[in-house]
Amino acid sequence: IRDTSVTGVHTCAVPFCRQWIPVYRTRYAFSEPVADSVLGYMLTFARKQSWLDQDIRQGRWEKPQLMALGECVLGVVGVGDCGKAVVRRAVSFGMRVLGNDIVKLPDDFVTATGLEDVSLEKLLTAADFVSLNKDLNPTSYHLIGKEQLELMKAVAHLINTSRGPVVEEPALIQALQQGRIAGAALDVFEEEPLPADSPLRALDNCLLAPHTANSSPKAWDRVHENTVRNLLDGLYKAGK
């Protein structure tokens, strides 16, 4: 596949076919709702709303130590469209933000946000929250496994709204069960729907969602409209 424009048009060579087939996409398709989901998870962990609600309903009146996001460090693994949207939101909360990507981060974005371009190892070691915003490819499969989880702080939380196999799930389960990290929020899983016997279902330090981080009627409409637009554009160009 080769990219032929900044607007998201690609051409793809098909074996035994002498033609190039255009492949279209919709840039920034669900970046905003996904980023909202990441911030929601961070706020839930930092302010413990879900757990405090349960305490009150069960007759407990306890006041645990909470955190303000501005006191925390966020590490964003994968600073593409979704990752950049997460960074912008985190900066507005006063967070120090570390970023890691396989490609060089844009200088103008780094300057505008104060994002620190660091190695994955440094990010995992320093971050209070780690947000995974990678697509799934051979370089990101099981990117976060036992070795990487052991680098994280005991008070840190892992948030995955990208693709399930970016995380080695058995290693994460073990880390959560043993308290090596404080918690995780997972919108995606290695197997979907999440199996009924998954140990993740029994962990009270893990927030689970059915792959809905991208949910947004406005975003859906825009993607559907652009899909039709891309189809018509491709048919028009093919007929010329």
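Buried residues make up 42% of the 240 residues in this protein. The model is predicted.

**Exercise 1. Overall build**

Describe the secondary structure, the extent and the surface of the protein.

*Solution.*
Step 1. Count the elements: the protein has eight helices and ten strands.
Step 2. Take the extent. The C-alpha trace spans about 70 × 45 × 35 Å along its principal axes.
Step 3. Turn to the surface. About 13500 Å² is exposed, and carbon and sulfur atoms supply 56% of this area.
Step 4. Add the charges. There are 26 positive and 29 negative side chains. The centres of these two sets lie 5 Å apart.
Step 5. Check the contacts between residues at least 6 apart in sequence: 59% of them join residues at least 24 apart.

**Exercise 2. The nonpolar cores**

Which residues have the most contacts inside the largest nonpolar core, and which elements each supply at least two of its residues?

*Solution.*
Step 1. The largest nonpolar core holds 31 residues. Val130, Leu149, Leu158, Leu172 and Leu200 have the most contacts inside it.
Step 2. At least two residues each come from β4 (73-77), α5 (120-126), β7 (129-132), α7 (169-177) and β9 (183-186).
Step 3. The top contributor is α7, with five residues.
Step 4. Another core lies apart from this one. It has 26 residues, including Phe45, Leu74, Phe129 and Ile159.
Step 5. Now follow Leu200. Beyond its neighbours within four places in sequence, Leu200 contacts Glu169, Ile173, Leu176, Leu186, Phe189, Leu194, Cys206 and Leu208.
Step 6. Set this against a general trend: in soluble globular proteins, nonpolar side chains tend to be buried together.

**Exercise 3. A loop threonine**

Is Thr161 buried or exposed?

*Solution.*
Step 1. Locate the residue. Thr161 sits in the loop between β8 (157-160) and α7.
Step 2. Apply the cut-off. Thr161 has a relative accessible area of 9%, and buried means under 20%. Thr161 is therefore buried.
Step 3. List the partners. Leaving out residues up to four places away in sequence, Thr161 touches Val34, Val38, Tyr41, Leu132, Asn133, Asp187, Val188 and Ala213.

**Exercise 4. Two cysteines**

How many disulfides are there? Why is Cys72 without a bond to Cys206?

*Solution.*
Step 1. A disulfide needs two cysteine sulfur atoms within 2.5 Å.
Step 2. The cysteine sulfur closest to that of Cys72 belongs to Cys206, 19 Å away, so the two are too far apart for a bond.
Step 3. Cys206 is in no disulfide. The count is zero.
Step 4. Check burial. Cys72 is buried at 3% relative accessibility, and Cys206 is buried at 8%.

Key. Residues numbered from 1 in each chain as written. Predicted model: local features only at pLDDT ≥ 70, side-chain atom pairs only at ≥ 80, totals over all residues. Heavy atoms only, no water. Helix = DSSP H or I, 4+ residues; strand = E, 2+ residues; numbered from the N terminus. Buried < 20%, exposed > 50% of the residue type's maximum accessible area, 1.4 Å probe, protein only. Contact = heavy atoms within 4.5 Å. Areas by Shrake-Rupley, 256 points an atom, 1.4 Å probe, with all protein chains shown as cover. Lys, Arg positive; Asp, Glu negative; His and termini not counted. Charge placed at Lys NZ, Arg CZ, Asp CG, Glu CD. Core = buried A, V, L, I, M, F, W, Y, C linked by side-chain atoms within 4.5 Å.
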